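The exercises below are meant to be worked with the sequence and the coordinates side by side. Try each task before reading its solution.

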Amino acid sequence: MDLTLYQKMIGANNSNITQAYINDTILHVNDMFSKSPSYRQVLIDGVEADCIINRKKSHQMDLLLRPNSLIDAGAYVELNQNTFIVLDFIDNEVYPKANVSLCNRSLRWKDGSEIKEYKCSVKGTTYEENDDTQIIYNSDGKLTVHVQYNNDTKTIKPQMRFVFDESVYEVYSIDSTSSVYDGKGVLKLVLKFTNTTDTDDKDNQIADDSGNSGWGDWQ
């Protein structure tokens, strides 16, 4: 096909031909999007959205979103009665992509008379891979927790204690910087195993914060 004719077909001229090609690609991607066998509709922070799923592991996926989609790291994605947290979002005009991890636990704690609860992704940290695929070994008895950064979770402090099933862990380190931008993102916690107390509420998965356990006032 003659290039000049093609440019006219897609509305291009000498000054915006690159954007015209992008616009043409966006139209094609949107037209074919729902025809993918991996197409699904999900809820992102309660708002319906289209995505194409690329499952990397049983607990981790990449979500290819429609062109020009924007979501924040730390957003929650609901899919097939499961909740995932967005760990990273790649902003791209044509192929925006979110990396999500399955929320397999909930952080629950008492703030005065109010119970706070947020779903989170919890993994053991015997080893993990960094961006250079180098394996970093950590001591046993520690967990890495990714949870949404918000006005409640940003109040979490070192030595705060949390119950997961029958075990109790306390906050060992907090990263509220590397994955947080403009007040939104992912809070990364490293928790270490600690002793339980008789007043830990395992039935409701709420650790004792009497002060004898290192934080707060139990009321």
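Two residues are in contact here when they have heavy atoms within 4.5 Å of each other. The structure is a predicted model, and the exercises should be read with that in mind.

**Exercise 1. Confidence**

Task: State the average pLDDT of the protein, and examine the residues 127-137 and 213-219, over which pLDDT stays under 50.

Solution. Start with the whole protein, which averages a pLDDT of 85, with 81% of the residues scoring at least 70. Then turn to residues 127-137, where pLDDT stays under 50 and the model has 14 contacts beyond four places in sequence. Finish with residues 213-219, where pLDDT also stays under 50 and the model has 25 contacts beyond four places in sequence.

**Exercise 2. The barrel and the helix across it**

Task: Determine in what order the six strands close into a barrel, and find which strands helix α2 lies across.

Solution. Following the pairing from strand to strand gives the order β1-β2-β3-β6-β5-β4, closed into a barrel with antiparallel pairing. Neighbouring strands of this sheet are turned against each other by 45° on average, when direction is ignored. As a detail of the pairing, take β3 and β6, which are joined in the antiparallel sense over five bridges; M61 has V100 in β6 as its bridge partner. The last step is to add helix α2 (residues 17-33), which lies across β1 (39-44), β2 and β3 and runs at about 85° to β2.

**Exercise 3. Salt bridges between separate parts of the chain**

Task: A search of the whole structure finds nine salt bridges; for D50, D72 and R161, identify which residue is the partner of each.

Solution. The side chain of D50 meets that of R66 in a salt bridge, at 2.7 Å from N to O. Because D50 lies in strand β2 (residues 47-57) and R66 in the loop between β3 (60-65) and β4 (76-79), this pair ties together parts that are 16 residues apart in sequence. D50 is buried, since its relative accessible area is 18% and the cut-off for burial is under 20%.

The next pair is D72 with K184, whose closest N and O atoms are 3.4 Å apart. It links distant parts of the chain, with D72 in the loop between β3 and β4 and K184 in strand β15 (residues 184-194), 112 residues apart. D72 is partly exposed at 37% relative accessibility, and K184 is partly exposed at 48%.

For R161 the partner is D200, with the side chains meeting at 2.9 Å from N to O. Here R161 is in strand β12 and D200 in the segment after β15, 39 residues apart, and both R161 and D200 are buried. Finally, E114, K116 and D152 are linked in a network of salt bridges.

**Exercise 4. Two loop residues**

Task: Decide whether T153 is buried or exposed, and locate the backbone atom that the side chain of N92 reaches.

Solution. T153 is placed in the loop between β11 (142-149) and β12 (161-164). Its relative accessibility is 0%, so T153 counts as buried. Leaving out residues up to four places away in sequence, T153 touches W109, Y118, V147, Q148 and L187.

N92 lies in the loop between β5 (82-90) and β6 (97-102), and with a relative accessible area of 31% it is partly exposed. The side chain of N92 reaches the backbone nitrogen of V94 at 2.8 Å. As a further distance, the C-alpha atoms of N92 and S69 are separated by 8.3 Å, although these residues are 23 residues apart along the chain.

Key. Residues numbered from 1 in each chain as written. Predicted model: local features only at pLDDT ≥ 70, side-chain atom pairs only at ≥ 80, totals over all residues. Heavy atoms only, no water. Helix = DSSP H or I, 4+ residues; strand = E, 2+ residues; numbered from the N terminus. Buried < 20%, exposed > 50% of the residue type's maximum accessible area, 1.4 Å probe, protein only. Polar contact = N/O pair within 3.5 Å; in protein donor to acceptor, adjacent residues only side chain to side chain. pLDDT = per-residue confidence, 0-100. Salt bridge = Lys/Arg side-chain N within 4 Å of Asp/Glu carboxyl O. Pairing = 2+ DSSP bridges. Axes fitted to C-alpha atoms, helices over the stretch in contact; angles between N-to-C directions.
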